[in-house]
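Subject: Structure handover

Hello,

Here is the structure I said I would pass on. My notes on it follow below.

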Amino acid sequence: MKLLTIKAAFLFFIGTMFTNAFATNSCFEHFYDVQKMYTTNNFDATIAHTGSMGINLYALTHLYINDTPYTTWKSLNGELDGYALKGLKGIDFNKDRQYVGAMLWHQSLIFDKILHSQTILKNYECTLVGRTRISGRKVLVSKLSPVDDARYIYLIASDDETNLPVELSVISPTNALITKFTVTAMHSVNAKNRSFPDDVFDSIKKRPKKDLAFAEIWPELTIPSYFSLCDYGVQKMGAEDVDYLTFTDGLVDFRVYKNSKTTVMIPSATDGTISVFRKKGQFFEYAVAGEIPLEMSKIILSKIVSNEE
């Protein structure tokens with residue numbers, strides 16, 4: 001009898017393991033289909049971005065031309081500014097000021113990053129949460145959770161009929177809602193009417209690719225194993241040249257700065273998914289900036305001991 005009980009428990013464990021694996025695989029299959037639908041469709045949409053500063057409205061145009069996605073985000077609050085993407089490489093623009101330049105970080109960029117079909121999530125688990133209604137549409141909600149519990153969690157609601165995204169919520173490691181993007185309206189458009197031609201993207205000066213073999217990851221940093229070095233160099237900040245290292249996990253990226261100590265310092269700041277965390281060491285001052293939670297920034301600088309602590 002005891003042998004049968006052990007055998008039954010073992011079979012139950014194996015069955016549960018395969019059930020969970022099937023559920024995870026099924027969820028990722030659905031997520032990759034949502035990515036494909038977003039990347040290859042042509043539409044205009046209005047996006048309501050809910051964050052700590054209230055609600056901002058954006059006009060989103062997404063086109064798929066010659067196997068390449070083109071995306072334009074225009075702010076509907078004030079000046080006609082925003083950014084445009086060719087794939088995931090982009091430009092900032094302000095039509096009121098007749099400005100076009102190299103793109104910086106944006107709050108809404110995570111929407112395109114996570115829904116781009118070339119984005120492969122590493123060290124994430126996928127769970128089908130269930131069905132509900134958002135903006136009058138029936139949706140299926142997927143939850144993407146990092147295995148490390150130090151990165152953001154993503155909830156993606158997709159239309160039951162089209163598999164196009166309806167809402168993206170970003171959750172902190174402490175389960176607090178950081179920001180949310182809701183599609184309030186969407187309709188098909190002509191794929192030829194893009195905002196910027198290819199030569200505008202090509203005109204933005206690109207930095208030459210660096211040989212990462214010559215880069216040294218500073219030993220005083222604690223870099224999670226699923227992030228890899230993707231850039232390094234020196235950035236001019238005021239009158240000082242500041243060393244930096246940039247890391248990515250294939251979805252988001254962050255940069256670590258190392259410079260001489262200053263007398264005035266704001267320890268941390270957050271704006272939606274983007275955070276900045278500073279810490280003074282014995283000889284240098286460090287700053288972590290990028291699309292990661294403050295909790296992860298603190299881990300990255302955890303080995304640095306401040307004289308003020």
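Which residues touch the most other members of the largest nonpolar core? This is a predicted model, and in it that core holds 52 residues, with F111, I114, L144, Y154, L221 and I300 touching the most other members. As a general point, nonpolar side chains in soluble globular proteins tend to be buried together.

L221 can serve as an example. Leaving aside residues up to four places away in sequence, L221 touches L245, V256, Y286, I300, L301, K303 and I304. There is also a second core, separate from the one above, made up of 10 residues, including Y70, I91, F93 and I204.

Next, the cavities. There are 2 cavities of 30 Å³ or more.

The largest cavity has a volume of about 50 Å³. Its lining consists of T61, L63, Y70, T71, T72, A84, L85, R194, S195, F196 and F201. By type, these lining residues are 6 nonpolar, 4 polar and 1 charged. At least two lining residues come from each of β2 (54-65), β3 (68-75) and β4 (81-86), and β3 gives the largest share, with 3 residues. Y70, listed in this lining, is also one of the members of the second core.

The second largest cavity comes to about 40 Å³. Around this cavity are Y38, T39, H62, P69, T71, G87, L88, D112 and H116. Two or more of these residues are supplied by α1 (2-40) and by β3. The lining here divides into 3 nonpolar, 5 polar and 1 charged. T71 appears in the lining of the largest cavity and again in that of the second largest.

Last, a run of strands later in the chain. β12 (residues 228-237) pairs with β13 (residues 240-248) in the antiparallel sense, over 9 bridges. K236 has D241 of β13 as its bridge partner. The hairpin of these two strands has 2 residues between them, and G238 takes a positive phi near 65 degrees there.

β13 is also joined to β14 (residues 253-260), by 6 bridges, and these two strands run antiparallel as well. Here T248 has D253 of β14 as its bridge partner. In this second hairpin 4 residues lie between the strands, and G250 has a positive phi near 95 degrees. Two residues touched by L221 are L245 and V256; by numbering, L245 falls in β13 and V256 in β14.

Regards

Methods: Residues are numbered from 1 along each chain as its sequence is written. This is a predicted model: local features need pLDDT of at least 70, side-chain atom pairs count only at pLDDT 80 or more; totals for chains, interfaces and linings use all residues. Side-chain values use heavy atoms; hydrogens and water are left out. On a 1 Å grid over the protein atoms alone, a cavity is a set of points where a 1.4 Å probe fits but cannot get out, and a pocket is an open set with protein on both sides within 12 Å along at least five of seven lines; lining residues have an atom within 4 Å of a point. Grid points are joined across faces, edges and corners, and a volume is the space filled by probe spheres set on the points. Ala, Val, Leu, Ile, Met, Phe, Trp, Tyr, Cys and Pro count as nonpolar, Asp, Glu, Lys and Arg as charged, and the others, Gly among them, as polar. A nonpolar core is a set of buried Ala, Val, Leu, Ile, Met, Phe, Trp, Tyr and Cys residues joined through side-chain atoms within 4.5 Å. Buried means under 20% relative accessible area, exposed over 50%, partly exposed in between (1.4 Å probe, protein chains only). Contact means heavy atoms within 4.5 Å. Two strands pair if DSSP finds at least two bridges between them.
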